[in-house]
Each structure stands twice: as structure tokens, then as C-alpha cells.
Amino acid sequence: MIKLYDYELSGNCYKLRLLMSILGVEYETVPVDFYPGREHKSAWFLRVNPLGQLPVVDDDGLVLRDAQAILVYLAARYDTSGTWYPRDDARLLGEISQWLAFADGITATASAARLHDGLFYDVDIDACRAGAHRLFRILDEHLWFGEQEGRDWLCGAAHPTIADIACFPYVMLSEEGGISRQDYPAIRRWCDRLKRVDGFIVMSGIFPASRARAA
Amino acid sequence: MLDQSRNRWHPIAASHDLAYRHVFHGQLLGREFAVWRADDEYVNIWENRCLHRGVRLSIGINDGRELKCQYHGWRYSNRTAGCTYIPAHPADAPARTITNRTFPAVERYGFIWTAEEPSGEVPEIAALPEGDLLVLRGIPVNAAADRVVEHLKTYRFQPVGALDADGAEVSVEAIGDFSLTLAAREGASATRCVLFVQPVDAARSVIRGVLDKQPEADERIAVLRHHNQRLSALRETIEDAVRGEPAPAPIEPVFERVSAELAEMPQPTPHGRKATLRVEVARKWTAADGIAGFELAPLGGGLPTFQPGAHIDVHMPNGEIRQYSVINGPGESDRFSIGVKREPVSKGGSSCMHETVREGDVLAISEPRNNFPLRRDATKTLLVAGGIGITPLLAMAQALHNQQLAFELHYFARDEAQMAFRDRLDTLGEALRPHLGLDPQATGDTLSALFSDYQDGMHLYLCGPGPMLEAARRVAADRGWPESAVHFEYFKNTNEIDDSSTFEVALARSCLTFQVPAGRTILDMIRENGVDMPSSCEQGACGTCLATVIEGEPDHQDVYLNDTEKRSGTKIMTCVSRARSARLVLDL
Amino acid sequence: MTQPKCTDPVILNQWYPLGAIDEAPRSRVADTVLLEEKLSFAVAGDGAVAAWRTRDGLKAGAPVEIAALTDTLPAISAYGYVWASLGTPPVKLFPIPEYAEPDRRNLNAATIGVNVSAPRAIENFLDMGHFPYVHTDILGAEPHTEVKEYDVEISIDRDEILATRCRFFQPMASTTSDGGADVDYIYRVPHPFCSVLYKSSPLDETRQDVIAVFLQPTDQEHVRAHMMLCVLDDENEDKVIKRFQQTIFGQDKPILENQYPKRLPLDPRAETPIRADKSAIAYRRWLSQKGVTYGVIPAAA
């Protein structure tokens, strides 16, 4: 069975729990005391991931690190619908990669601000918040035009992809870093849509939305 | 400028911002709003604070009919913003005056408009025809509204039809404190753009633009992108310009205090048999054989919040007063719907409603009162209706259905044609279980089977004709249902009232003592001594005139209290019940 | 003598936790903030503790010899934390006798920063009605939403609030339980910004797990929340016990950060209490009676 090295309050770990819940993939959790224990920097964990970062999955001996990389792997391997990471659609794959990289930018700004406010990380908080707002303006604009063009998701498809999952958590958790989403109404609506995907689960800090429209 | 702006209407969202079952997070002049569109299209603009513990309602759940707070699950009704359910106290009906602050909402020119204290109507914009406008993407700006307006005078854009050119002549046609109208002309193309600047807070604004025409379908997105790109660029300029300036302090909104009675977790407020509302019969129809449906719409203003199980007193043109349950589902708060069965031996109530009252007539009604509250913490709820007893249970069924709670509605009726409010029943799906044409014996057997599987946490609600209720309560008791799980409402009290006794009543809190002579009720004498007391049916069925007994032994003659409550001797229905002891002390 | 930024004497003259002793590197300077003032603290190899106003020459992370420090603030070690005061604190900190029991697991579940006033966070800690909605399927689950009657008293001699006979249905009451049950609670508020709860132990029905929240107000609208666990559990690793508590706290965090106004309004008419809020009503009155002004909006006189 897949082993997920996991920390409950990590948005990057949550991405994987969320995708596996949506795909119905079973997994077991190896809790890592990221805070306050800093277990991700412990000797045993550095043997699992020399970068000392969460999450990591171990799927029958294949050990993978990096949330975005693991999303690619899990969707490519376990998504029987073939929609979360459509392997044969070059255009979509390009778009997905673009937004996976964007998700790294959100992690570097919004997630860092959250670590500063909640777990007392020493970062330039003003720069993190300003950087997150710069990205959110871009994201909101993209999603607003998506709505105008009849597109609900980040990429040009009629269904969500792992790009949506990669960007979602640290957008949803941004207020814990003092980054309000009030100025981003299209982002707020997209978050509601993602929360209505079948198999959606929450993490600490993220509330459920109302139910989807009856089919 | 910001001081007077409280009286003005401002757009605070685009119509398209209010997506299906979404809660929009708005703000105007420092005050935050939770803005949501109900499934019936009504737009609610509320203070963004749950009255209980101040949690933002913009993180709450819009279920299409009610807004649910994430913190404690309090539910607030569409339109009225009244609290309909407090899960921590499932057996109680919330005081209906727990009502969130609402602000006026008008949808016009593709925007949602509001004002803190509006004077007048939403402004007429000369440049904008009604319909067929193009609403631009709102651009939030970190700058004060007056600075934004000042910069917008320099806004340059191409008219629709000439996007590719770059020489349009742009003129300012009108300018106000919070808006300006610009016109761009290039060759034969001309477009007006009206820009509203929403003062979000002292140093934050949103530019909300609208064009006076809808471009051709293939040009629409290009026009939207054109303005988005140019307004975004202008935003950079504005934000750069104000960056070095001292930011004005955020506006501190003043929150209204809750009423004194709510601050102390009050008893229900006393009020007598008063018809405080005027309604118009907006619709009258045949809801089933012998049952007329009435939709009652308010004459000006809105209606108060109701809860499932609530009833209203209807004061009829002939002077009679009758109680009817509100059959509405949750959030249907624009009108009250009731069902009136024509009684074969009518004392003038049902026949008046059937024969005399017509669409367009004005009636006086009381505020809704809930003496038959619905718990929503049951593991499963059984609703059992006989005939017109469907009415309170139909409201309950719709509430349970909306929250996806486990329930069954068992509806005993003579035949299909006698089943009332078919359209509402049909929305309940599998939960509706009709039982048609059963004789008393077969009814008893069916009830016996229905009640056979009592488990802890289940609750039963009964409403129907007296004999059926008696039978159902007996069967439930036999089948092991505790009295605390069996809730019932009688249409009327068919007990023979014996009012021959004479006794003394003392009102502990009012420091009054008086005699109740034969032929008079406790309620009469309470009122005669100047103490206001709510009542409704005045025959011991509805539960409104309940009082707490501190001392003495009541002589119960009502059908509202259950046997345990009667035995405990701590409650009394003052409209019919009397005293076995020489003296009763009531907590009034 | 520096003039303290906090001018509320009741709040100034309390003990506050600064950090968990287990997490502090020995004899090195750690920096923090208390009541808007920059403080430093350190723990010596022998467990001695010290706290002082942050000064040049003693940077965070630098080695420090505690015994040689002068001009320090009152500081003690208690319940696994360094406590200090910017004023004149009481001789003793409030008691938690269970902490000394030999078979207890005493842990700092985490220290987490929250954008909320300390009294709002205390009220949330005392609240049971939110369990089914905020801690769904862990501390509560619909349809079991009722807050049953409980008792609240303000103990005059101990100057603390006590809520007893509290019960709430929980589908998964702790890491050691695997079914739903009514769980008994007792809540104490022995300090304006600290609260201790006792909850029936799934292992031993005669004893209770103890969970406390000790708040370090960094300013009127921000706290560092230190969560202490003192539990009976001979099965789970520390990190599993911590994970459970962090999950719970992480669920409360967005609620706390979305409460407005951020400071706790003491005007009884500012918000709408219900019977389930008896302990919160007592807490607000208690703060009013003490004359607390820091982190609250005092009722108009």
C-alpha cells in the first residue's frame, strides 16, 4: 500500500490526501512531527528525503518527494478516468505544468507567510504577502476570464486537473498568513467549485462548501 | 466625502459575482457584508457577523434557502435574516427576534447596489440604457476612492468595434464623487463607459465598470480583456502614486447592539392575541378536495421569521380567529402559505375562509408562533399526518429534506385527491409515504408496524384528528417510545371543559393575587388584572398561553401538555386549565 | 524603568508562558514577544530559567550563562514552559496537581500563532456547541448537537471559573477511543488568559485527561497559544498524540481568525448568548469585574 509521510497541518501533504481521496486510492500515513519536533530534519527522515521536506510517498519501493511531482505520479498511475492528468493531451499537459510551477510560487509566498504567522518562521513577511497578492491577482484574472469563457478550472478542460489541486490548499489557507481573499471573488468561487468535487475532503483550516447542484 | 456617502447607493458586487450557493464577501465604507443569492433569486446583503459570536458569515454555507454559520450551525433565513434554528438547543424554538442586520439590495445595470442608510433610489445613469450592457471585471485598488476617481479621468480606451486601432478620442461626459462617464469615439465607433468607484474602506476601492452596449459575441472577450488590461495598468499607476503617502486609518464600522432581552437569554416575549401584521391574499387555490390553499403576502415590508411547526392566528372578516400552520419550506419568507380545510360543521372559521375570502383581500394575522418546534438532532424523524394535520408536518418535512436529515413523512388520507399540496409533497421523494383509504383498524395496524422499531435518538411528530392522535400516542407508548420522543399537535381541544371551580391565583413576579370565579378562565383574570399574556387558540390546544406553576395543583383540561408534563404539575395552560388546590402560584 | 506598553495592571501582573522547555536549546537565547514588548529567555542545562527585555549583545541563538544575567524579569518553570511577567506576578502560578502524577504523559502539543485576542481564544476553548461543526466527526457529529445543561460557578477563594457536569457526544473522543460516547468535561479558567479542561479518560473511567491552553498575548489581537497535554496514554507515540491536538486546534484557527471584532466585547448586548454559553457569560462577567481592558472591548460604564 502507498505510504504517505504526512503532517496534518501541511497544505502540501493535504494535496496528496485530497487527490487520493478523490481517486479512491488507499494509503497509510506515517506521521512526521514537522512542528514542533522538526522531525523532517531528523537523521531517519533525511535518509527518506535528503531535502528534509514533506511530503514523501513510498509506493511499493518507489520513493517520491515533492508534492507536485507526486500529484503527477498518482494521477498518471491511479486515475482510471484519465482526466486529472491526461497523458495524451499535449496542450493540457503544458498548461498543467505551467500551473504546477505557479503552485510552487504560491507555496513560496502564501505558505511561507502562514509559517511565519502560525509557526514563527523567520521570513520577510511583507515580501511574502506582497508576492502572494501579486500571484492572486493573476490567478483571479485568469479564473474570471475562465468564467466568462465557460471554463470552470485552471486549465482548458471541462474538468478539474491536478493543477487545481496543486494551487488550492495554500490559496485556501492564505488567511492564516494574513492574506485576505476578499479582493479575489473569482478565486473564492473557484474554491467553492473545487470543494464540490466528488471525494473532496477537508483539512484543518479548510471548511466545506454547500452541496453541488442536484444533477 | 465619505461621511455623506453612507446615504448613497454604491455597487458592491457584479450580478455575476453571486454564483450558485456562494457567499460573496463584500465591503463598503469599512463595513463588511455577506452577500448571497437564494435559490429563489432573492439577494441578501447582511452584516458579515453571526450575532452569536461574531464569526464572519461570508465563510458560512448558502444552502439555497438559509445561510448556516460555520461555528455553531446557526441557521438564518433567506430575506428576513432571522435565526430559525440553534442546534445547541434542539428542543427550543429560537426567539424570533434574533435577526441579523440586513441592508437593502437592488440589482441594476449588472450590479448589486446597497447603501448603509439609503436616501432615495438607486441613481438613474443617463448614459446607460436598461438591459444589454457589458459589465467589466471589477478592479480592486489599494487607494482611496477620491484618488481613484481623479486618476480615472485620464482613462483611455477604444470603443467597441475599433479595438485594434489606437487613436480613440476619449471625453469625460459626467463626473461625480464616486463615478464618471467616459465616451470613446473612433471613426463610426462610439462607446460609453461608466466607471463606479466603490469606497471599500478609507484606503481601498473597487473600480466597477460597465459599457453601454453588448459587443458582438466574437468580440465580447476581447473587449473585456481590453478594459481589464488598461484598468489594471491604471491601477498600477494609482497604487504607485499613493504608495509614499500616509494611509488613512481604516473605517471602524459601528455594530448595532442586540436587544436587551436577547442579551440575557430571555423567556419568549409576552404579547396577547394581537394581529400585528396585515397581509394580502396573493393567491387562493384548491390544494386538495375540500382544502383551500392561501398565499399571504405582506402589505409593505417583509414578514417575520418563521420556523417549521409555527402557526399564525388569522383574524377573519367575520371576527373569528383561527390558527393555521405555516406550510412553507425553509427560506420561503416572502409570503406565508396555509391550508384551510372546510369543516362540515363550521362555526364560521373555515367557511368564511372558503366562501368569503378572495384573492386581493386584506387580512390581519399574528406573528408566527412556534409551540411545536422541530428538533434536528434526531437520528431519524417520523412525521405522521392525518388529513389536514399535514400542514405543520409539511413545513418540518421540507426543513429536514433541505438539510438531508433522515426522516419519513407518513400521510394518512382518504384518497389521492385529498392529499394537499401535491407540488410540495413531490419534492420530498422517497421520504413521502402515503397511506390511503385505511379504516381505523387498518390505520392502527399500520401505525403499529411503523412504530415497531424505536431506537434511542428517534423522534416522532404527530398531527391529525383527535381520535387518530390518541391511537397513535397509545401505539407509540406500547411500542416503547418514551414520551419525550413523541411530539404532537391537536387541531382543537374536544375535551368538555369544566369551568365550575373557584380558586385563588397569585402571580409571583407581578405581586398580584386574584380570584378566578366559575365561568371565567385564569387567562381572562390575568388580563383583567393588567398583565399582558400571549394566547392564540384559547382552547388548550396550541400551547401559547403556557405558564409555570410554582405552587398548587393544576386541574389540566388541555391537549397540549403530555402526560408526564401534566403529572409533574409544573406547567399549566391558562386558557382552559384550572386548580384542584385552593390556590395556584404562577411564575408571572 | 521602561514604561510597559500594556497599561492594564491586571493583565500586566500575570505570569505568561514564553516557550516550551523541551524545545528550547540549552543555555541559548530565544526571542519572543509579550504584551507588545520584545523579550528574550533561556533555559540552563540544570533547568533554571531566565527572561529579560531583549538587549543588544544577546542575540537570538547566542550562548548565555543564566546565572550571570542581571536585570532580569520574574521567571519560573512550570508545566513544561518558561513563564515570565512584565509586572509583579502572584507568588504562585495556579495549580494543576495532575501534572505531577507519575504515569502522566506531559507534552507541549504545539505553540501556534493566532490572529485573535486572547479572551476570544479562551471562549472558544470553553465552548462545546461548535464540536459537531468545527471538529466534525472527531469531537462531535451531527445530529448530536445538543449542549446539555451544566453548572458554572466563580470560585471566590481560588478566583477562577469552574464549569462542571459538562457532557457532549463525541464520535471519536481521543486517540485511544474508537467509538462514540458521551464524554464528561470540567473546565477551569484560573487565569484571564489560561484555561484547563478535564475530560474523561477512555483508559480509566476514574481519571481524566488534562488539556490546557496557555496564551501568550503578543499584542491585543495576536497570541501565541501553547497547548499542554497531560494525558493517560500508554500506547501512542508522542507525535500521534500531538497530531490529534494540532488537528483540533488547526480547525479552530480559521474560526478565531474570522471573529469580529477581534477583541472580546464585554458589553452583554454586543453578541447573543444562549444557555450553552453559560461559561462564556461567566467569563465575560469575571473579566469585567476584574476591570480587564487588554484584549477586550470594555462595556460602556
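**Chain contacts and folds, in questions**

Q: In the contact between chain C and chain A, how many residues does each chain give?
A: Residues are numbered from 1 along each chain as its sequence is written, with chains lettered from A and ligands numbered from 1 in the order in which they are written. The model is predicted, and local features need pLDDT of at least 70, side-chain atom pairs count only at pLDDT 80 or more, while totals for chains, interfaces and linings use all residues. Two residues are in contact if their C-beta atoms, placed from the backbone, lie within 7 Å. On that basis the tally is 19 residues from chain C and 18 residues from chain A.

Q: Which element gives the most to the side of chain C that touches chain A?
A: Helices (H or I, at least four residues) and strands (E, at least two) are DSSP runs, numbered from the N terminus. The elements giving two or more residues to this side are β7 (105-114) and α4 (238-257) of chain C. With 11 residues, the top contributor is α4(C).

Q: What is the class make-up of that side of chain C?
A: Ala, Val, Leu, Ile, Met, Phe, Trp, Tyr, Cys and Pro count as nonpolar, Asp, Glu, Lys and Arg as charged, and the others, Gly among them, as polar. Sorted this way, the side of chain C that touches chain A has five nonpolar, eight polar and six charged residues.

Q: Within chain C, which element gives the largest share of the side of domain 1 that touches domain 2?
A: Domain bounds come from an automatic or database domain assignment, and here they give domain 1 (9-84) and domain 2 (97-297) of chain C. The two centres, taken over C-alpha atoms, are 26 Å apart, and 17 residues of domain 1 of chain C are in contact with 17 residues of domain 2 of chain C. On the domain 1 side, α1 (9-12), β1 (16-20) and β2 (30-34) of chain C each give two or more residues. The largest share, five residues, comes from β1(C).

Q: Is helix α5 of chain B enclosed or open?
A: A residue is buried if 20 or more other C-beta atoms lie within 10 Å of its own, exposed if 12 or fewer, and partly exposed in between, with C-beta atoms placed from the backbone. The buried residues of α5(B) include I390(B), L394(B) and Q398(B). Because 11 of the 13 residues of α5(B) are buried, the rest of the structure leaves this helix largely enclosed.

Q: What end-to-end span should helix α5 (residues 390-402) of chain B have?
A: The expected span of a helix is 1.5 Å times one less than its number of residues. For the 13 residues of α5(B), the distance between the end C-alpha atoms agrees with the expected 18 Å.

Q: Which strands stand at the edges of the six-stranded open sheet of chain B?
A: Two strands pair if DSSP finds at least two bridges between them. The order is β21-β20-β23-β18-β19-β22 (chain B), with antiparallel pairing. Each edge strand has a single partner, so one side of each lacks a neighbour in the sheet, and these strands are β21 (321-325) and β22 (336-341) of chain B.

Q: In β23(B), which residue is the bridge partner of E280(B)?
A: Strand β18 (residues 277-288) and strand β23 (residues 362-365) of chain B pair in the antiparallel sense over four bridges. In β23(B), the residue bridged to E280(B) is V362(B).

Q: What share of the residues in chain B is buried?
A: Chain B has 10 helices and 35 strands, and its C-alpha trace spans about 95 × 55 × 50 Å along the principal axes. Of its 588 residues, the buried share is 47%.
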